[in-house]
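Colleague: Could you take me through how to read some features of a protein model, beginning with the general idea each time and then turning to the case at hand?

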Amino acid sequence: KMQRIWASLASTFHNSSRFSKGISAVLVLLLASHYLSDRKLDRFLSLNIGFLPYHPWTLFTSPFYEVNIFQTIIEIITLMYADNLLIPLWGNQEFSRFFYIVCFSSSIGAAFIMKIMAVISSQSTYVLYATNLCGIGGVLGGFSVCLKQLLPDYEVTVLLIRAKHLPSVMILMGIGLLSVSVPSKYLPQFISGVFTSWIYLRYFQEKHGQRGDKSESFGFTTFFPNAIAGCLSSIPVPFKRSKSGLKDSSILPIVKPIKVQKEEERRKEWASQSIAERLAKSTTSSSSSSSSPLLSTLPDTTKPPLISTSSSTSTSSSSSSSSSLASAKVAHGNSD
């Protein structure tokens with residue numbers, strides 16, 4: 001089993017883009033510099049809220065600076081698998097754009113969250129001056145939102161949950177660790193990464209000639225349980241006017257024409273098939289019959305074409321009409 005896992009990891013790393021390999025190399029080099037400098041670089045490269053006015057560049061250096069070997073391994077493996085899943089659908093340019101946008105915006109959001117925690121916490125001095133944020137935890141949160149968007153019904157074998165629940169479960173786990181006094185430096189970055197990536201994918205990403213994903217299955221309320229989502233959907237929120245003159249809301253569901261809904265379903269089905277083929281090719285190249293360590297075996301979500309369905313329906317209807325006509329002729333002959 002370990003040989004299959006190593007073969008799958010080697011195949012994933014081999015099929016990754018140069019961008020992901022470069023980011024991984026930077027993470028490893030800065031991790032080595034952390035230990036070689038005897039942690040003297042932490043103050044100048046990691047994000048510390050108390051020293052942020054004096055070290056503003058740490059908003060951009062902290063995502064690439066890591067101080068824990070285990071966390072660095074998790075980040076690199078997740079980055080490689082996200083590369084193999086998203087680049088065939090998005091392309092290298094869109095993948096790198098998403099990475100940088102979520103990376104730097106999550107750092108700003110994490111700083112804002114830490115400032116709020118310092119205000120409401122009884123240990124404000126510790127939160128401000130003794131907590132250093134680093135790593136690409138915000139990008140990992142963004143990748144979980146991508147899984148929720150593209151593969152909502154697929155099962156993550158590590159946590160035994162479906163991908164559509166992955167962002168919420170990870171946030172709840174971080175909050176649970178904080179409630180039992182276990183420090184979780186990843187939580188502010190992960191929360192801000194989930195929120196900023198959802199905003200980008202919902203409203204700004206250009207794909208197939210459209211901007212954003214306004215489907216109901218990717219709404220803001222889908223990040224919450226059904227009971228809470230029902231309460232949030234009933235809360236009035238400010239509207240904003242779009243270019244078409246219609247009013248749109250980031251929380252209330254958006255009713256779309258049937259043709260648009262069918263087109264979105266067709267695109268998601270195509271994305272599922274593309275990812276399944278990508279994983280099958282990587283499995284074949286590594287001479288392994290096991291599936292990805294993160295995702296279970298992908299179910300077959302293909303549907304029969306509409307043409308064949310309509311043709312079969314018309315054939316059945318014509319055969320039924322011809323049989324009824326023959327029976328009518330026989331009845332008329334008997335009456336004669």
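Modeller: We will go from the chain as a whole to a helix pair, a cavity and a loop residue, keeping in mind that this is a predicted model.

Colleague: How many helices and strands are there in the protein chain, and what share of its residues is buried?

Modeller: The protein chain holds 13 helices and eight strands, and buried residues account for 40% of its 336 residues. If we take the contacts between residues at least 6 apart in sequence, 69% of them join residues at least 24 apart.

Colleague: How are two packed helices described?

Modeller: The description rests on the angle between the axes of the two helices and on the distance between those axes. In this model, the axes of helix α2 (residues 18-36) and helix α5 (residues 69-90) come within 10 Å and cross at roughly 175°. Angles over 145 degrees count as roughly antiparallel, and α2 and α5 are therefore roughly antiparallel to each other.

Colleague: Which residues meet where α2 and α5 are in contact?

Modeller: From α2 come S20, K21, I23, S24, L27, V28, L31 and Y35, which meet I69, T72, E75, I76, L79, M80 and D83 of α5. By class, the residues of this contact between α2 and α5 divide into nine nonpolar, three polar and three charged.

Colleague: Turning to cavities, how many of 30 Å³ or more does the structure hold, and what lines the second largest cavity?

Modeller: There are two cavities of 30 Å³ or more, and the second largest has a volume of about 30 Å³. Its lining consists of P63, C103, S106, S107, G135, I136, G137, G138, V139 and Q189, with α6 (92-120) and α8 (137-150) each supplying at least two residues. That lining divides into four nonpolar residues, six polar and no charged.

Colleague: Is S106 buried or exposed?

Modeller: Buried means under 20% relative accessible area, so S106, at 4% relative accessibility, counts as buried. S106 has its place in helix α6 and, leaving aside its neighbours within four places in sequence, is in contact with G138, Q189, S192, G193 and T196.

Colleague: Where is K164 placed?

Modeller: K164 is in the loop between β4 (161-162) and α9 (166-179), and with a relative accessible area of 30% K164 is partly exposed. Leaving aside neighbours within four places in sequence, K164 is in contact with K148, P152 and D153. K164 and F218 are 54 residues apart in sequence, while their C-alpha atoms are 9.2 Å apart in space.

Notes. Residues numbered from 1 in each chain as written. Predicted model: local features only at pLDDT ≥ 70, side-chain atom pairs only at ≥ 80, totals over all residues. Heavy atoms only, no water. Axes fitted to C-alpha atoms, helices over the stretch in contact; angles between N-to-C directions. Helix = DSSP H or I, 4+ residues; strand = E, 2+ residues; numbered from the N terminus. Parallel < 35°, antiparallel > 145°, perpendicular 65-115°, else oblique. Contact = heavy atoms within 4.5 Å. Nonpolar A, V, L, I, M, F, W, Y, C, P; charged D, E, K, R; others polar. 1 Å grid on protein atoms, 1.4 Å probe; cavity = no way out; pocket = protein on both sides within 12 Å on 5 of 7 lines; lining within 4 Å. Points joined across faces, edges and corners; volume = space filled by probe spheres on them. Buried < 20%, exposed > 50% of the residue type's maximum accessible area, 1.4 Å probe, protein only.
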